[in-house]
Amino acid sequence: MTDVTRVASIQELYDRHAAFVYGLALSMLGDASAAEELTQDVFLQCWQRWDQYDPARGSVRTFLATVTRSRAIDRIRRRGRRVPEVAWEEFADTGPDPDSLEDAVDDRLTMQRVRAALGALPAPQRQALIMCYFGGMSAREIAQRLGDPLGTVKTRIRLGLMRLREVLDSRGEGG
Amino acid sequence: MDDLEHPSLEDLTLYALEADEPAEREALTLHLAECRSCRLALAGLLPAVDALAEAVPATPPPPELRDRVLAASLGEAQTRPRPPRRLFGFVGWAVALVAVAALVAVQVHMRQRLDASQAVLRRQRTVVQVLADPQSVSMLVQNRQLMAHAWARVFLRGSQAVMIMHRVPAAPPGQTYDIWWMRGNTAYRAGQWSGRKANDMLVLSSPWHGFTAVGVTLESPADSLPSGPIVMMGERPTAG
């Protein structure tokens with residue numbers, strides 16, 4: 001691949017997904033500077049290991065989310081835990097300026113669908129899922145943080161994820 | 001968890017979210033290597049886990065980040081501005097040098113421990129991705145005569161390959177287990193395993209497209225070709 005095509009491809013990847021990656025990194029790390037560094041790392045890592053990405057096995061977005069979350073958890077574990085601040089109830093309408101309106105609509109619909117599903121969960125289940133997914137915390141750590149029995153926390157996480165799966169399944173991929 | 005006991009849905013959920021403890025994770029990984037129904041159950045959970053990433057609003061990063069990413073992707077020096085330095089006297093430098101040396105020593109030690117644990121985490125994540133994919137192909141690698149209770153399983157998923165080791169005896173001192181993609185007399189190294197843990201998992205190199213078997217040899221020291229005895233072997237399943 002020439003430098004020109006290489007830059008064009010990473011530009012396209014970045015322009016399409018940077019706001020998604022940065023938004024996820026920011027939610028997990030809670031710090032703009034750290035989220036910026038992480039976003040850069042994610043794109044470079046994905047670019048270097050692009051041969052590992054198989055479109056038949058999931059979307060680019062899922063691939064990027066997996067890498068972003070993994071790298072964010074590494075950082076969270078390095079510097080200590082924080083309870084993630086995911087203001088799911090109200091979120092600012094500050095989406096990116098994508099090239100394609102269709103992409104923007106798809107992204108927004110997906111986000112609304114997931115947020116509605118999360119919002120419909122009982123608060124303790126939602127809290128446990130958020131601490132686990134966005135905070136990179138284990139069930140044991142969550143139990144210690146909340147002062148709840150470990151078994152209760154495990155049950156909340158399971159019920160929360162099952163409910164989320166049911167809601168997403170019932171609404172189908174296309175929303 | 002023993003080989004016959006299936007994990008609960010709760011256990012699988014925590015595994016999918018990486019919210020379990022290392023010992024639980026190791027036991028469940030071993031079970032997954034042997035249990036297709038649990039692998040399918042895990043695969044059914046992952047879309048909901050992946051969907052959680054969509055819950056946060058997209059937030060445009062600062063515009064200058066784009067230039068940095070593009071520059072770095074071309075291998076150019078990163079252009080992040082550094083804070084200005086202040087000059088200070090000889091004593092200040094001497095104190096600073098001692099402090100820096102001590103700090104570096106501590107950081108190197110911490111960094112090594114951290115790198116090791118992060119490498120384990122990354123390996124575990126790759127293993128989960130491969131195990132949870134219903135399209136992954138599994139092959140049993142064993143030697144009933146030599147190691148009655150030991151087995152290994154290799155899972156292949158596109159260019160990814162992982163190996164799960166179960167009750168494999170420790171390698172003799174000074175030796176390691178080497179894993180090979182094999183066809184007839186041709187072999188390419190797939191990985192190397194210290195053999196210090198009875199149960200372990202490792203990420204192998206991308207499979208050689210022409211391989212028909214996976215072999216495990218004991219080597220001392222590692223050579224570019226297998227020279228030690230083959231202690232475990234598994235045939236590649238035929239297509240269809």
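Where in chain B is B:R167 found? I looked this up in what is a predicted model. I found B:R167 in the loop between β3 and β4 (176-183) of chain B.

**Entry: two positive phi values**

I read the phi of B:R167 as about 50°, which is positive although the residue is not a glycine. I then looked up the surroundings of B:R167 and counted 13 other C-beta atoms within 10 Å, so I recorded the residue as partly exposed.

I noted a second case at B:E18, a residue other than glycine whose phi is positive and near 60°. I placed B:E18 in the loop between α1 and α2 (22-34) of chain B. Is B:E18 buried or exposed? I counted 20 C-beta neighbours inside 10 Å for B:E18, and burial requires 20 or more, so B:E18 counts as buried.

**Entry: B:M165**

I turned next to strand β3 (residues 160-166) of chain B, where B:M165 lies. I entered B:M165 as buried because it has 24 C-beta neighbours inside 10 Å. Which residues does B:M165 touch, leaving aside those up to four places away in sequence? I listed B:A152, B:W193, B:N199 and B:D200. I also looked up the pair B:M165 and B:L202: the two are 37 residues apart in sequence, and their C-alpha atoms are 8.3 Å apart in space.

**Entry: chain B as a whole**

I recorded 5 helices and 8 strands in chain B. Reading from the N terminus, I found the order of elements to be α-α-α-α-α-β-β-β-β-β-β-β-β. I noted that 34% of the 240 residues of chain B count as buried. For contacts in chain B between residues at least 6 apart in sequence, I found that 57% join residues at least 24 apart.

**Entry: helix packing in chain B**

How do two packed helices get described? I used the angle between their axes and the distance between the axes. For helix α1 (residues 9-16) and helix α3 (residues 36-51) of chain B, I noted an angle of about 55° and axes 9 Å apart. That angle makes α1(B) oblique to α3(B). I recorded the crossing of α1(B) past α3(B) as right-handed.

I then listed the residues that make this contact. From α1(B) I entered B:L12, B:T13, B:Y15 and B:A16, and from α3(B) I entered B:C38, B:A41, B:L42, B:L45, B:L46 and B:V49. By class I found 9 nonpolar residues, 1 polar residue and no charged residue in the contact of α1(B) with α3(B).

**Entry: domains of chain A**

I found chain A divided into domain 1 (1-80) and domain 2 (94-175). Their contact takes 8 residues from domain 1 and 4 residues from domain 2 of chain A. On the side of domain 1 that touches domain 2, I noted that α1 and α3 of chain A each supply at least two residues. That side of domain 1 divides into 5 nonpolar, 1 polar and 2 charged residues.

**Entry: chain A against chain B**

How many residues does the contact take from each of the two chains? I recorded 56 residues from chain A and 40 residues from chain B. On the chain A side, I listed the elements that give two or more residues: α1 (3-29), α2 (32-48), α3 (60-79), α4 (101-119), α5 (123-133), α6 (139-146) and α7 (150-171). I noted that α1(A) gives the most to this side, with 14 residues. By class, I entered 28 nonpolar, 13 polar and 15 charged residues for the side of chain A that touches chain B.

Methods: Residues are numbered from 1 along each chain as its sequence is written. Chains are lettered from A and ligands numbered from 1 in the order in which they are written. This is a predicted model: local features need pLDDT of at least 70, side-chain atom pairs count only at pLDDT 80 or more; totals for chains, interfaces and linings use all residues. Two residues are in contact if their C-beta atoms, placed from the backbone, lie within 7 Å. Helices (H or I, at least four residues) and strands (E, at least two) are DSSP runs, numbered from the N terminus. Ala, Val, Leu, Ile, Met, Phe, Trp, Tyr, Cys and Pro count as nonpolar, Asp, Glu, Lys and Arg as charged, and the others, Gly among them, as polar. Axes are lines fitted to C-alpha atoms, for helices over the stretch in contact, and angles run from 0 to 180 degrees between N-to-C directions. Angles under 35 degrees count as roughly parallel, over 145 as roughly antiparallel, 65 to 115 as roughly perpendicular and the rest as oblique. A crossing is left-handed if the near helix is turned anticlockwise from the far one by less than a right angle, and right-handed if clockwise. Domain bounds come from an automatic or database domain assignment. A residue is buried if 20 or more other C-beta atoms lie within 10 Å of its own, exposed if 12 or fewer, and partly exposed in between; C-beta atoms are placed from the backbone.
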